[in-house]
Amino acid sequence: MLRESTRNRIRTGERRIHHVYTEILVREIARANIGPLLGHRAAFLDIPDSFIGHPSLLDLPAAHTALLLTRIEAEGTPDNDTLLEAVRRLRSAGFRIGIAADDLLGDRAALLPETDFFTLQAATSDPAHLRDLVSRLRIAGGHGLLLVRDLPSADDFQLCLALGAALFEGPFITRREDWNGKRLGPNSARLSALIARLRSDADTGELVDLLKQDPALSLRLMRYINSPGVGLQREVASIEAALLQLGRERLYRWLLLLLYGADKGSPRSSAALENALVRARLMELLGEGRSAREADSLYLTGLLSLVDVILEVPLHEAMRSLGVTPDIEQAVVRGTGPLAGFLRLAIACENGDEEGVQEAAARCGIAPADANRHHLQAFSWALEING
């Protein structure tokens, strides 16, 4: 996203301007100390091909960073020997390297043995081209993984997966598909029924009885309530005490998160859940200074904004038993009401939509810089809690 934004903003072909922009980006990422947050993940960072020897790169967490070399058509293009030496030096330091597949089959073939990722834009990934590309790379001796970028839909994802791609990026993660006729899985349906009773103000005794009917759920609740993250001074020994300690709103949040993972979904669903967590936390942070009830509504709006994508069922089916308030339902289902502007701002931040951020932030009375700062905080929070 940032790469495209930079290209749109910087009209000059001078490498110096691109280098200045990239150096600022690299130093900010290094200063943010993202390594501990990434865990098992890797951060993929686009850099100009001639920036590969810049010393600032060594400040990044090498074990968690993949550097994707972007060709810039301007004076000063490095020759293959220079690139090869720099790539080998960075790989020996622990970095992984990605290069456009078409470049590797063209004038940069010498870099093929040192390339960990072959990148391809989805716009050029028709089946015949992708099959031919992968075949030619393998014949040429390439052993890297194929990363397909800017995938628009789940159908495109399935196509690229079947044809040998291993890594995927693009709006397909959060795009709504036609799930008509699909229903909640058995575990999700059971949790949904429990949530419905909770939101209809069932008494604590009834909720305790429902929880006891599901021993696995009861055990998870007891582990959760006694975990260090909850921070209780004394261990809780009964389901009833756990409900009283948590309170209904926190129990509702916890059950929603369990609902999202109750019936094992696709890797795409897991990625969508992480997106929903970022939206939820971001909207909560955007509501700083508001009442606890308003902040809670903002959080739940973000969390539920991808409920159908995560559960892979129609939106009305996903929302039916969740007992959401009218303002949350308006924002999630119809994109209207007092919470909808905050949701639009969160989505604009997520998509790197600079104009959308400016417009939505103005409507919400929030400075765009504050929205961006909160987005980074929300992203870090989601990485931390989602393992």
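Here are some friendly notes on strand E2 and its partners, a handful of salt bridges, and one serine.

1. A word on the source before the details. This is a predicted model, so please read each point below as a description of that prediction.

2. Let's start with strand E2, which spans residues 65-70. The strand is mostly covered, with six of its six residues buried. Its side chains split into two sets: Thr 65, Leu 67 and Leu 69 point one way, while Ala 66, Leu 68 and Thr 70 point the other way. Both sets are buried, and each of them includes a threonine as well as leucine.

3. On to the neighbours of E2. Strand E1 (residues 43-48) runs parallel to E2, and six bridges join the two. If you would like a place to look in the viewer, Phe 44 stands opposite Ala 66 of E2. Strand E3 (residues 96-100) also pairs with E2 in the parallel sense, here over four bridges. For this pairing, a good place to look is Leu 69, which stands opposite Ile 99 in E3. Between E2 and E3 the chain passes through helix H4 (residues 80-92), and this β-α-β crossover is right-handed.

4. Now the charged pairs. The count for the model comes to 28 salt bridges, and I pick out a few here. One of them joins Glu 23 to Arg 27, with the closest N and O atoms 3.0 Å apart. Both residues sit in helix H2 (residues 15-32), four residues apart, or about one turn of the helix. As for their surroundings, Glu 23 has a relative accessible area of 25% and is partly exposed; Arg 27, at 40%, is partly exposed too.

5. A second salt bridge brings together the side chains of Asp 107 and Arg 71, at 2.8 Å from N to O. This pair links distant parts of the chain, 36 residues apart. Asp 107 belongs to the loop between helix H5 (101-104) and strand E4 (117-121), whereas Arg 71 lies in the loop between E2 and H4. Both ends are partly exposed: Asp 107 has a relative accessible area of 49%, and Arg 71 has one of 24%.

6. The salt bridge between Glu 312 and Lys 182, at 3.7 Å from N to O, deserves a look as well. Here 130 residues separate the partners, and again the pair links distant parts of the chain. Glu 312 is in the loop between helix H15 (307-311) and helix H16 (315-319); Lys 182 is in the loop between strand E6 (167-168) and helix H8 (186-199). Glu 312 counts as buried because its relative accessibility is 18% and the cut-off for buried is under 20%. Lys 182, by contrast, is partly exposed at 37%.

7. Salt bridges also link residues into a network, and its members are Arg 88, Arg 91, Glu 114 and Asp 116.

8. Last, a serine. Ser 297 is found in helix H14 (residues 292-304). Is this residue buried or exposed? Its relative accessibility is 11%, so Ser 297 counts as buried. Leaving aside residues up to four places away in sequence, Ser 297 touches Asp 327, Ile 328 and Leu 339.

Terms used
Residues are numbered from 1 along each chain as its sequence is written. This is a predicted model: local features need pLDDT of at least 70, side-chain atom pairs count only at pLDDT 80 or more; totals for chains, interfaces and linings use all residues. Side-chain values use heavy atoms; hydrogens and water are left out. Buried means under 20% relative accessible area, exposed over 50%, partly exposed in between (1.4 Å probe, protein chains only). Two strands pair if DSSP finds at least two bridges between them. A crossover is right-handed if, with the strands pointing away from the viewer, the path from the first strand over the helix to the second runs clockwise. A salt bridge is a side-chain nitrogen of Lys or Arg within 4 Å of a carboxyl oxygen of Asp or Glu. Contact means heavy atoms within 4.5 Å.
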